[in-house]
Amino acid sequence: MMTGSSTNLAEARALLLSPLGPVARAGSNRETVRVSFEFFPPKTDEAEVNLWKAIRRLEPLNPAFVSVTYGAGGSTRERTHRTVQRIIAETALRPAAHLTCVDASRDEVDEVIAGYKAIGVDHIVALRGDPPGGGGIGGVYQPRADGYANATELTAAISRIGGFDVTVGAYPEKHPESPSIDHDIEVLKAKVDAGATRAISQFFFDIDAFLRFRDRVRAAGVTIPLIPGVMPVSNFAGLVRMCGACGAGIPDWLKAHFDGLDDDPETRKLLAASVAAETCARLQEEGFSDFHFYTLNRADLVYAICRVLGVREQQSSPIGGGEPRSGGGGQPQVPTSGVSPLRRSASLRATSPNGGGAQ
């Protein structure tokens, strides 16, 4: 009977010899996959209708939680609160309310935390938030003298009030304001020390860059679940703007996929679903069993990708997104080397850019 690294090598060899690609293999994977979804509060009546169509479509997949985004300085605060309240009242979903510390005093933020607790919310996504005004991500951030300076202080405040599961963000390709990945990992460690229970990554398209980040995070002693954030985007022009703001790289192969399709939205949707599905399938083979989808308040592509991963209506999904399983959940397959046999095999068999390939 094989154990340890010999088992991993056997799995890697089986993958190399498999005639199936990662998406096809995902369809036969019997491991439980947990998913979560992000929505943003609607600004108009029409947008509200579209949001609830998406929620109703995805609700039967029984996600671990659904998060609702939050703007700076109260720009969406009330809409976020109303959306969370309605999710609690009208669905069986567990909402996770986003919270930032931008342009608000500590007392104001604490009041929002207490308000969430009062309506039964027990999960908060703690983020520093974008710099106020037109700067956005990458702009100059100046904390208020009477406010929480960053997500670490915000996480500590939520933990001090108590009764919350706290999710924080992670940037696998470096936060635009950070001097280095090492600095980002130190910040993540500080947030864990302050009470964070899981981290969700910014969206990304370079799978190998994300896996390198995972390995460095684990080598630094961070053991909380690291959940990949996946965003299937069919509007390439919009994607370029978002990537420019948050620092996510756009590989040349992705540009080539969308080249010349400005007036072909249906083909763009198919490509977006294909790219995201292969990303998830590859990460599943790397030991990840939790995935967070930035839905952009649309359900069609996300629902299809969940089907690829084997997520079905009313599938059991533990509250809180679960802990890493042995050798999985974002844990490196071979911690001593930092590079797993499965990861090496994935690089060897990657004959298309979607498979990651050589850097």
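# Exercises on a predicted model

The protein chain exposes about 15,800 Å², and carbon and sulfur atoms supply 52% of that area. The structure is a predicted model, and the exercises below go through it from the whole chain to single residues.

## Exercise 1: the chain as a whole

Find how many helices and strands the protein chain has, and what share of its residues is buried.

Solution. Begin with the secondary structure, which comes to 13 helices and nine strands. Next take burial: of the 359 residues in the protein chain, 53% are buried. Finally, look at how contacts span the sequence: when contacts between residues at least 6 apart are considered, 80% of them join residues at least 24 apart.

## Exercise 2: two helices that meet

Describe how helix H11 and helix H12 cross, and name the residues that make the contact.

Solution. As a first step, recall that two packed helices are described by the angle between their axes and the distance between the axes. For H11 (residues 265–285) and H12 (residues 300–308), the axes come within 9 Å and cross at roughly 35°, and the crossing is right-handed. From H11 the contact is made by Lys269, Ala272, Ala273, Ala276, Ala277 and Cys280, while H12 brings Asp300, Leu301, Ile305 and Val308. Sorted by kind, the residues of this contact are eight nonpolar, no polar and two charged.

## Exercise 3: the surroundings of H12

Determine which residues of H12 are buried and what covers them.

Solution. The buried residues of H12 are Leu301, Val302, Tyr303, Ile305 and Cys306. Their cover includes strand E1 (34–39), helix H3 (45–58), H11 and strand E9 (290–294). Just beyond the helix, H12 is followed by Gly310, which has a positive phi, near 90°.

## Exercise 4: Cys280 and the disulfide count

Explain why Cys280 forms no disulfide, and give the count of disulfides.

Solution. A disulfide requires two cysteine sulfur atoms within 2.5 Å. The closest cysteine sulfur to that of Cys280 belongs to Cys306 and lies 7.9 Å away, so the two are too far apart for a bond. By this rule the count of disulfides is zero. As for burial, Cys280 is buried at a relative accessible area of 0%, and Cys101 is buried too, at 2%.

## Exercise 5: two buried residues and their contacts

Work out where Phe65 and Thr279 are placed, and which residues each of them touches.

Solution. Phe65 belongs to strand E2 (residues 65–68), and it counts as buried because its relative accessibility is 1%, under the 20% cut-off. Leaving aside residues up to four places away in sequence, Phe65 touches Val35, Ser36, Phe37, Arg94, Ala96, His123, Arg198, Ile200 and His292. The C-alpha atoms of Phe65 and Leu93 are separated by 6.5 Å, although these residues stand 28 apart along the chain.

Thr279 lies in helix H11 and is buried, with a relative accessible area of 6%. With the same sequence neighbours left aside, Thr279 touches Phe204 and Ile207. Its C-alpha atom is 10.0 Å from that of Ile305, a residue 26 places away along the chain.

## Exercise 6: positive phi in two loops

Compare Asp103 and Asn297, and decide for each whether it is buried, partly exposed or exposed.

Solution. Asp103 is in the loop between strand E3 (95–100) and helix H5 (106–118), and its phi is near 55°, a positive value in a residue other than glycine. Asn297 is in the loop between E9 and H12, and has a positive phi of about 60° although it is not a glycine. In accessibility, Asp103 is partly exposed at 42%, whereas Asn297 counts as buried at 7%.

Technical notes: Residues are numbered from 1 along each chain as its sequence is written. This is a predicted model: local features need pLDDT of at least 70, side-chain atom pairs count only at pLDDT 80 or more; totals for chains, interfaces and linings use all residues. Side-chain values use heavy atoms; hydrogens and water are left out. Buried means under 20% relative accessible area, exposed over 50%, partly exposed in between (1.4 Å probe, protein chains only). Helices (H or I, at least four residues) and strands (E, at least two) are DSSP runs, numbered from the N terminus. Contact means heavy atoms within 4.5 Å. Axes are lines fitted to C-alpha atoms, for helices over the stretch in contact, and angles run from 0 to 180 degrees between N-to-C directions. A crossing is left-handed if the near helix is turned anticlockwise from the far one by less than a right angle, and right-handed if clockwise. Ala, Val, Leu, Ile, Met, Phe, Trp, Tyr, Cys and Pro count as nonpolar, Asp, Glu, Lys and Arg as charged, and the others, Gly among them, as polar. Accessible areas come from the Shrake-Rupley method with a 1.4 Å probe; for residues, only the protein chains shown count as cover.
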